Every structure is written in C-alpha cells, then in structure tokens.
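Work through the following exercises with the coordinates open beside the text. Each task is followed by a solution that proceeds step by step.

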Amino acid sequence: MKILTSTENFGSFIIDTTEAWGRSWIFLTRTISAALRPPYRPYLYLQQMLQIGVNSSLVIALIGLFTGAVLAVQGEYTLSKFGANAYTGPAVALSLIRELGPVLTALMVIGRAGSAVTAEIGIMRITEQIDALRSMAVDPIKYLMAPRLVAGIIAMPLLCGMFNVVGILGGYIVAVGLLGLSAGTFMSQIESAVGLVDVWSGFIKATVFGLIFGWISCYKGYTCGFGAQGVNKATTQSVVTASVAVLIVDYFLTSVLTRVFMK
Amino acid sequence: MISVRNVHKRFGSQVVLNGVSIDIEPGKTTAVVGPSGVGKSVLLKLIMGIMTPERGEIYIGGDNITSARSERARNEIRESLGVLFQSAALFDSLTIYENIAFSLRERLRLRPSRAHRRVLEMADALSLLPYLKNYPEQVSIGIRKRVGMARALITKPKVLLVDEPNTGLDPLDGQEVYDLINACKNQWGFTGLVISHELPEVFQVSDRVAMILGGEIIIEGTPADLIASPNPAVQQFLNGRTDGPIKIQ
C-alpha cells in the first residue's frame, strides 16, 4: 500500500511537472507570436524598456564598477605569483565580457525588475484587471506580456554592455590608480587578448538571459495563485527559478559557444 | 441575445454548474441570484469566454463563444460585451480618464481627438468630470464603480454584464449603482445580466430573475414570480433566514 502511494505520488509529480513545462512553453510561444503580430503598440515596448532597462542602469553600473575593481585586485594578486601581473587587464576584461557581465547583469535585473514584473502582473490577475482586459477584447498576452518579454531581450545585452564597460573602468582605476600597473600595458593587453568572438559570446548569453527573464517573470505573474500570499509565492518563485535557470543555461551556453567560436 | 444552454462546469471533483440554461431577450435584464459560492461569477466568466465549460453552449447575439477556437475569435464576440466587475477592476496604473478611454484607444483605435470627445461625453453623463486626472486609488469605491460603468459603456456594447453591483458599498452608494444601471439602460439601451446576492434590491434593475442553487437554476421568472414562489429554498434566501434547505457553508 505504501509502495503504491509513493508510486502514485511520483507519477503525479511527473504529470504535474510535465504539464507545467508544457503550459510555460505554450505561454512563451503565444507571447512570441503575439509580439510579431500587429498592432504593435510601440509605446508599451518603450515604457517597459524604461522600466526594465533604463531604471536598472544605475544599479548595474554600480555593481559593474565594483566587480571590475574586485577582479583587478584578485587578478593582480594571483597573476603576480607567476610574474604575469601585466595580464591583469585581459583577466578583468575576459572575465567580465565572457562570463560575469552577462550572468551578474541577468541576476541583478531578475532581482530588481523580474520581481516587479511578476508582482505587477500577479496583482493585476488577482484584482481582475487581466479579466477586464480580456472582457474588452484586448489580449493580455499581447498587451502585457509581449512588451515585457521583448524589452527584456533588448535591454539585457545593452545593460550587459554597460556592465562590461564600467567594469573594465573599475578594473582600470584599481589596477592603474592603486596597484601601480602601467595604463598602456593594461589597455594594450586587453586589446590584444579580447576578440570580437568574446564580445559576441557575451551578448548572445545576455540575449538568452533576457528571454529567460521575461518568460519566467511574466509566466509566474500570469499564473499566480489567490490573494497576497499567491503574489508573494509567485514573486519568490519567479526570482529563484529565473536565477537558477540563468546559471544552468549559462553552463550549457558557455560549452556550446566556446566550441562554436573556437573552431 | 444571450443564450446559455445546458452548461456544465466543475473544478476538480466539485460540480459548480450542472446543466444551467438561461435565455435573455434583447433589451431585457436578467438577474442571476443565489447564495455565495454557487457559481454565479463562474457563469459570468463562462459568458465572457474567460472560462470554458465542460459541456454546453453559450451564444451571444447568435455567436457561440464556447466553440470559438482562438482568442481572436472570442475577442470578436466580446466586442459586443461591456462588463462592470465586482471591484470595478480599474487599471491602477492609469488615470480615470485613461481607464475610460482604454477601449477606444486599444480596441477601436480611434483618433485621439475623437476618443477625447467621447470620454468627455461619457464622463459628463456619469458625473465623473472632476475625477478624470485622479488615479483609481484616489477616489471612493462608489466613484470607481461609476468609472467601471463608464469604461464598460464607452464602446456602446449590446450586452452589459454586471458582477455584484453593490459589493463593498454603503446603502446609499449601492442604491446609486442601481440608479446608474437603470439610467444607463434608458439612455443607451442594452441587454443586461446582473449577478447578485442582494435581494430584493436587485429586482429594481431586473426584468427577470433566475436563482442558482446546487449548480442548477431552481426558479426563473419575473421578480413577482420569485416572491410568490412556494419553493422553501427561494423563500429562505429571499427572507435571509438561516434555517431551511440552504446550508450555510
């Protein structure tokens, strides 16, 4: 009897998980197709670019500056053990452009804007505002979700680019200003070590993370449960799921992109 | 105008509607009444096409919303609907002006000058002109209901659906909503469906009344038919008694 119960529980877990995956994929495809169909309502997209992109830029710049600074301190310390502290610049730049820029930008945007997107859509659901949209023959997927998804996809690489530039500046200030490295060495080593493929690799990652951000934060808000507790749970799940997804997808993307661009 | 035919709806093992049928003639208003939790609001959402029944069909002006395959097809049918929600469901990030103008801008895609004229006309008719620049949370629930009514009627719908018109309102504001429904019906003329548990107040806006209990319509007729009904459940509900066949959940 006990075996049957645990088998039933396992079975229902598999069914529930598969259904949830299916629903979220249908949601994503509906959102993408809604974004491609007219009418386009560009003001909604600009509004979301402002919310998700512009309003996140200060915190991204701040995090980028100090990440670059820390990388310079740690890089110089490690590389000096091998007499290679001239390579502090490339260490900072490559770490930021290939890995830390996209990942930290995504995590920060998920924490700042993702939670806000989920909470906003969740509150609209529990207060019948989404039902009101549908009753007025306005598709909530097109009106609410598509602009947020597209804004995430566009804003994330731009924020990532800013993170990288400010991060390299932070590394430069510490390495040249405080640790006494030559400015010429710092910059020229970056120039010779960093290729366009590294930049592309980072931007591709950031774009995919933007998609993950928009998809999960909108989906969790749209399917949130009842009451304040439902919104609370959806917001927490949104941030945790999107953050974990970014880190998992990052590993696979890094593996694939490294192979593709190494050829 | 609205025809609900043998509609069944369940959530898991709980049967909410079990073969409900109602017909509402053009220009008439029917109130669907019953205790809380009997599926009145579910019926409204089925009519709006927001939920789908397990069985049965719902026609709005001859179009079957239950068999519409896509959201686009449902939207075409929804264009004849206006809905006043229980809590008004105004968009809290938009001003009252923007809430009223919403359908004109997003659905009918009217030119701003034309939309502006219509919003001002509607706001004037419903005494909302002083509040147009406010956000919904800055005004009372009574005014929010009026804004909800303005938003529902701005596109001149053929059907008005009203969910619990005076929930959360004091008796004066509640009466004002009923007066508003009657005034709007006289001015714009629509087929109405009002969901309510407030008897006998809802009779003043109803040509006919249907009472749901146990997932079924137990009586349908004029308000006078309901008052004269010998059905003990109807009498218990009408008189607000706790003893009788309706068990308080």
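**Exercise 1.** Identify which residue is the bridge partner of Val7(B) in S2(B), and place that pair in its sheet.

*Solution.* In this predicted model, Val7(B) has Val20(B) as its bridge partner in S2(B). The pair can then be set in its wider context, since strand S1 (residues 2–11) of chain B and S2(B) are paired in the antiparallel sense over 8 bridges. Going one step further out, the open sheet consists of 4 strands of chain B in the order S2-S1-S4-S5, with antiparallel pairing. Strand S2 (14–24) and strand S5 (63–64) of chain B are at the edges with a single partner strand each, so one side of each has no neighbour in the sheet.

**Exercise 2.** Determine whether Lys9(B) is buried or exposed, and list its contacts beyond the neighbours within four places in sequence.

*Solution.* Begin with the location: Lys9(B) belongs to strand S1 of chain B. Its relative accessible area is 10%, and because buried means under 20%, Lys9(B) counts as buried. Next, with neighbours within four places in sequence set aside, the contacts of Lys9(B) include Gln14(B), Val15(B), Val16(B) and Leu17(B). Val42(B), Leu46(B), Met51(B), Thr52(B), Pro53(B) and Glu54(B) are also in contact with Lys9(B). As a check on distance, the C-alpha atoms of Lys9(B) and Leu180(B) lie 32 Å apart in space, while the two residues are 171 apart in sequence.

**Exercise 3.** Explain why strand S7 of chain B is described as largely enclosed by the rest of the structure, and trace its pairing on either strand partner.

*Solution.* First count the burial: in strand S7 (residues 159–163) of chain B, 5 of the 5 residues are buried, so the strand is largely enclosed by the rest of the structure. Then separate the faces, recalling that side chains in a regular strand alternate between the two faces of the sheet. On one side of S7(B) are Val159(B), Leu161(B) and Asp163(B), on the other Leu160(B) and Val162(B), and all of them are buried, so that both faces are covered. Turning to the pairing, strand S6 (residues 81–84) of chain B runs parallel to S7(B) and is joined to it by 4 bridges, with Leu84(B) opposite Val162(B). Strand S8 (residues 191–196) of chain B also runs parallel to S7(B), through 5 bridges, and here Leu161(B) stands opposite Leu193(B). Finally, the chain passes from S7(B) through helix H6 (residues 171–188) of chain B to S8(B), in a right-handed β-α-β crossover.

**Exercise 4.** Describe the largest pocket and the second largest pocket by volume, central residues and lining.

*Solution.* The largest pocket has a volume of about 1,100 Å³. It is lined by 33 residues, of which Arg125(A), Asp131(A), Arg134(A), Tyr222(A) and Ile50(B) are the closest to its centre. Elements giving two or more residues to this lining come from chain A, among them helix H5 (129–135), and from chain B, among them helix H2 (71–78). By residue class, the lining divides into 15 nonpolar, 7 polar and 11 charged.

The second largest pocket holds about 780 Å³, and of its 25 lining residues the closest to the centre are Ala20(A), Ser24(A), Tyr219(A), Lys220(A) and Thr241(A). Two or more lining residues come from each of H1, H8 and helix H9 (227–262) of chain A, and H9(A) provides the largest share, 11 residues. This lining comprises 14 nonpolar, 8 polar and 3 charged residues.

How values were computed. Residues are numbered from 1 along each chain as its sequence is written. Chains are lettered from A and ligands numbered from 1 in the order in which they are written. This is a predicted model: local features need pLDDT of at least 70, side-chain atom pairs count only at pLDDT 80 or more; totals for chains, interfaces and linings use all residues. Side-chain values use heavy atoms; hydrogens and water are left out. On a 1 Å grid over the protein atoms alone, a cavity is a set of points where a 1.4 Å probe fits but cannot get out, and a pocket is an open set with protein on both sides within 12 Å along at least five of seven lines; lining residues have an atom within 4 Å of a point. Grid points are joined across faces, edges and corners, and a volume is the space filled by probe spheres set on the points. Ala, Val, Leu, Ile, Met, Phe, Trp, Tyr, Cys and Pro count as nonpolar, Asp, Glu, Lys and Arg as charged, and the others, Gly among them, as polar. Buried means under 20% relative accessible area, exposed over 50%, partly exposed in between (1.4 Å probe, protein chains only). Two strands pair if DSSP finds at least two bridges between them. A crossover is right-handed if, with the strands pointing away from the viewer, the path from the first strand over the helix to the second runs clockwise. Contact means heavy atoms within 4.5 Å.
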